[in-house]
Amino acid sequence: MSYANSGVSLETKFCRFDDEIDVKGGCEIAGYASVFGTSDQGGDVVQNGAYGASLKAMMQAGRRVKMLWQHDPTKPIGVWDEVREDKKGLFVKGRILADVQAGAEALALVKAGAIEGLSIGYRTIRAEKSQKGTRLLHELDLWEVSLVTFPMLPEARVETEAKALDQLAQELVAKLHAAREQLLA
């Protein structure tokens, strides 16, 4: 992917929101933009620690990872308040700005379940081919995390607050039925 007028050629990597994604207060989202050790549809596997140097350099320079709509640098839709690595992957937490036209559209689509994905925009610093033919990404220069339509990691999915509450209610009802059956038995 090439960013217009920037002279920089960035790669993108897609990841669906996983079970831990939640939309709170109308516009706060959080979840994993990248999962370590998982091969995506392009055959790339991000390695644990791949973002560390980039995140440290950004923090020292006072810069932030950008929140974009569909990797379009002319459409920032919010801010990432927290971007960090943990044992699972690259965790992001931020706010979609509903006062921005593209942000309002993105928020409506996320709430409706039409948009389920996150995608990272990055430059590869260090990678190698594995014996299995996958590309192991050891160090990445992270630029942005976008909300996208088509993520590369299909096993992860978006979870809105309404969906989470509905699932919780269904689980509670099932447990109550099971407890009732035990009492009647």
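What percentage of the 185 residues of the protein chain count as buried? The answer is 39%, where buried means under 20% relative accessible area, exposed means over 50% and partly exposed lies in between, with a 1.4 Å probe and protein chains only. The model is a predicted one, in which local features need pLDDT of at least 70 and side-chain atom pairs count only at pLDDT 80 or more, while totals for chains, interfaces and linings use all residues. Residues are numbered from 1 along each chain as its sequence is written, and side-chain values use heavy atoms, with hydrogens and water left out.

The protein chain has 3 helices and 9 strands, these being DSSP runs numbered from the N terminus (H or I with at least four residues for helices, E with at least two for strands). Along the sequence they follow the pattern β-β-β-β-α-β-β-β-α-β-β-α. With contact taken as heavy atoms within 4.5 Å, residues 24 or more positions apart account for 67% of the contacts in the protein chain that have a separation of 6 or more.

The interior is a good place to start. The largest nonpolar core, a nonpolar core being a set of buried Ala, Val, Leu, Ile, Met, Phe, Trp, Tyr and Cys residues joined through side-chain atoms within 4.5 Å, has 29 residues, and Tyr51, Trp80, Ile120, Leu142, Val145 and Leu147 touch the most other members. At least two residues of this core come from each of β3 (28-35), α1 (52-61), β5 (66-69), β6 (72-85), β7 (89-96), α2 (101-112), β8 (117-129) and β9 (135-148), and β9 gives the most, with 5 residues. Trp80 shows how such a residue draws on several parts of the chain: leaving aside neighbours within four places in sequence, Trp80 is in contact with Ile29, Arg64, Val65, Lys66, Met67, Val92, Lys93, Gly94, Leu118 and Val145.

The strand β5 has pairing partners in both β9 and β6, two strands being paired if DSSP finds at least two bridges between them. β5 and β9 pair in the parallel sense over 4 bridges, and Trp69 stands opposite Leu147 in β9. β5 and β6, in turn, run antiparallel and are joined by 4 bridges, with Pro76 in β6 as the bridge partner of Leu68. These two strands form a hairpin with 2 residues between them, and Gln70 in the turn has a positive phi of about 55°.

Strand β9 also holds Glu144. Which side chain of opposite charge is nearest to Glu144? It is Lys66, 11 Å away, and Glu144 is buried yet has no salt bridge; here Lys and Arg count as positive and Asp and Glu as negative, with His and the chain ends not counted. The side chain of Glu144 does make polar contacts, one of 2.4 Å with the side chain of His71 and one of 2.6 Å with the side chain of Ser146. A polar contact is a pair of N or O atoms within 3.5 Å; within protein, one must be able to donate a hydrogen and the other to accept it, and residues adjacent in sequence count only if both atoms are side-chain atoms.

Side chains of opposite charge can pair when their charged atoms come close. The structure holds 6 salt bridges, each defined by a side-chain nitrogen of Lys or Arg within 4 Å of a carboxyl oxygen of Asp or Glu. In one of them Arg135 pairs with Asp44, the closest N and O atoms being 2.9 Å apart; this pair links distant parts of the chain, with Arg135 in strand β9 and Asp44 in strand β4 (residues 44-46), 91 residues apart. Asp44 is buried, at a relative accessible area of 9%.

Asp81 forms a salt bridge with Arg95, with 2.7 Å between the closest N and O atoms. Asp81 lies in strand β6 and Arg95 in strand β7, so this pair ties together parts 14 residues apart in sequence. Both partners are partly exposed, Asp81 with a relative accessible area of 39% and Arg95 with 35%, and a network of salt bridges links them with Arg64.

The last stop is strand β4 again, where Val46 has its place. Val46 counts as buried at 4% relative accessibility, and, not counting residues up to four places away in sequence, touches Ser34, Val35, Phe36, Gly37, Tyr51, Leu137 and Leu140. The C-alpha atoms of Val46 and Glu139 are separated by 8.4 Å, although these residues are 93 apart along the chain.
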